[in-house]
Amino acid sequence: MNFLTIGHRGVMGVEPENTLRSFVAAQQAGLDAIELDLHLSKDGALVVMHDTDVDRTTDGTGPIADKTLAELRALDAGRGEHVPVFEEVLEAVRSPLQAEIKDVAAARALAEVMTGRDLVSRVEVSSFHDEAVAEIARLVPGVRTALIASRYGTDIVDRAVAVCAKTVCLNIRRLTLEVVEHARKADLRIIGWVVNTQDHLRLVRALQLDGATTDYPEIKRTARFTA
């Protein structure tokens, strides 16, 4: 079974998160896929940023939803990088993408891009929100979806099944063998996050997870030797 390594917001441990620079570095490091986060700007652009506001990752302040794309573009997202839109990422890297959506509105905007560009085979869509996963599945036939959880029990499996997600992305700090076994019985793929140390990597390999989301490119190099 192939073990998947996913770059978290690119390689945010070494480059500014959710920037083209970070995504290109993740691809160059040989990570199997790249995870990113999507929000809608005030004028409806799919911008790549994790938080609901720009304060932590740029030199600006305030909610993304209150800013136009032009206003967001004027910000420094780290090392002179600008805040990218999703379409730019599609052009900048060739890697498979895992796009995390924050709400139903973002699901609808992403569905339009995925349909127009025929991205079903390249982009897996993930969310913490059951309704967002259900909405993207309704709008994009055949889309691969993943339900993310930070605090959870075996109920995460039932929630994933209910929205037809094929993958669960789970915080490894709360991961138990019981959850893994329950997910396997439901034929779900399991990705652990965030895997940044050798101990984390040994844990996810011991639990026979399908992959790991990491901030650091060296996890890719060491994962193949860790049983």
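These entries record what I looked up in one structure, which is a predicted model.

**Helix α7**

I began with helix α7, residues 177-185, and asked which of its residues are buried. I found Val179, Val180 and Ala183 buried. They span an arc of only 100° around the axis, which places them on the same side of α7. I then turned to the face directed away from that buried side, where Leu177, Glu178 and Lys185 are exposed.

I next looked up what the buried residues of α7 pack against. The partners are α6 (155-162), β7 (167-171) and β8 (189-193). I also noted the residue Asp187, which follows α7 and has a positive phi, near 60°.

**Leu175, ahead of α7**

I located Leu175 in the loop between β7 and α7. Its relative accessibility is 12%, and since buried means under 20%, Leu175 counts as buried. Leaving aside residues up to four places away in sequence, I listed its contacts as Tyr152, Leu170, Val180, Leu207 and Leu209. One of these, Val180, is also among the buried residues of α7. I checked Leu175 against Gly192 as well: the two are 17 residues apart in sequence, and their C-alpha atoms are 8.3 Å apart in space.

**Helix α1**

I treated helix α1, residues 20-28, in the manner of the earlier entry. Here Leu20, Ser22, Phe23, Ala25, Ala26 and Gln27 are buried. The buried residues of α1 pack against β2 (33-40), β3 (46-48) and α3 (86-92). Just after α1, I recorded a positive phi of about 85° at Gly30.

**The aromatic pair**

I asked how many aromatic pairs the structure holds, and the count is one. Phe128 and Trp193 form it in an edge-to-face arrangement, with 6.3 Å from centre to centre and 80° between the planes. Phe128 sits in the loop between β5 (123-127) and α5 (130-139), and Trp193 in strand β8, so the pair ties together parts that are 65 residues apart in sequence. I looked up the accessibility of Phe128 too: at 33% it counts as partly exposed.

**Pockets**

I measured nothing by hand here and took the computed volumes. The largest pocket holds about 210 Å³ of space. Its lining consists of His8, Arg9, Glu35, His50, Gln98, Glu100, Lys102, Phe128, Ile148, Cys169, Trp193 and Thr213. Both members of the aromatic pair, Phe128 and Trp193, are therefore in this lining. By class, I noted four nonpolar, four polar and four charged residues.

The second largest pocket holds about 150 Å³. I listed its lining as Asn171, Ile172, Arg173, Trp193, Val194, Asn196, His200 and Asp215. Three of these residues are nonpolar, three polar and two charged. Trp193 lines the largest pocket and also the second largest.

**Cavity**

I asked how many cavities of 30 Å³ or more are present, and the count is one. The volume of the largest cavity is about 50 Å³. I recorded Glu17, Asn18, Thr19, Val48, Met49, His50, Thr57, Ala77, His82, Val83 and Pro84 as its lining. The classes are five nonpolar, five polar and one charged. His50 belongs to this lining and to that of the largest pocket.

Notes:
Residues are numbered from 1 along each chain as its sequence is written. This is a predicted model: local features need pLDDT of at least 70, side-chain atom pairs count only at pLDDT 80 or more; totals for chains, interfaces and linings use all residues. Side-chain values use heavy atoms; hydrogens and water are left out. Buried means under 20% relative accessible area, exposed over 50%, partly exposed in between (1.4 Å probe, protein chains only). Helices (H or I, at least four residues) and strands (E, at least two) are DSSP runs, numbered from the N terminus. The arc is that of the directions from the helix axis to the C-beta atoms. Contact means heavy atoms within 4.5 Å. On a 1 Å grid over the protein atoms alone, a cavity is a set of points where a 1.4 Å probe fits but cannot get out, and a pocket is an open set with protein on both sides within 12 Å along at least five of seven lines; lining residues have an atom within 4 Å of a point. Grid points are joined across faces, edges and corners, and a volume is the space filled by probe spheres set on the points. Ala, Val, Leu, Ile, Met, Phe, Trp, Tyr, Cys and Pro count as nonpolar, Asp, Glu, Lys and Arg as charged, and the others, Gly among them, as polar. Rings of Phe, Tyr and Trp (its six-membered ring) pair if their centres lie within 6.5 Å; planes under 30 degrees apart count as stacked, over 60 as edge-to-face and the rest as tilted.
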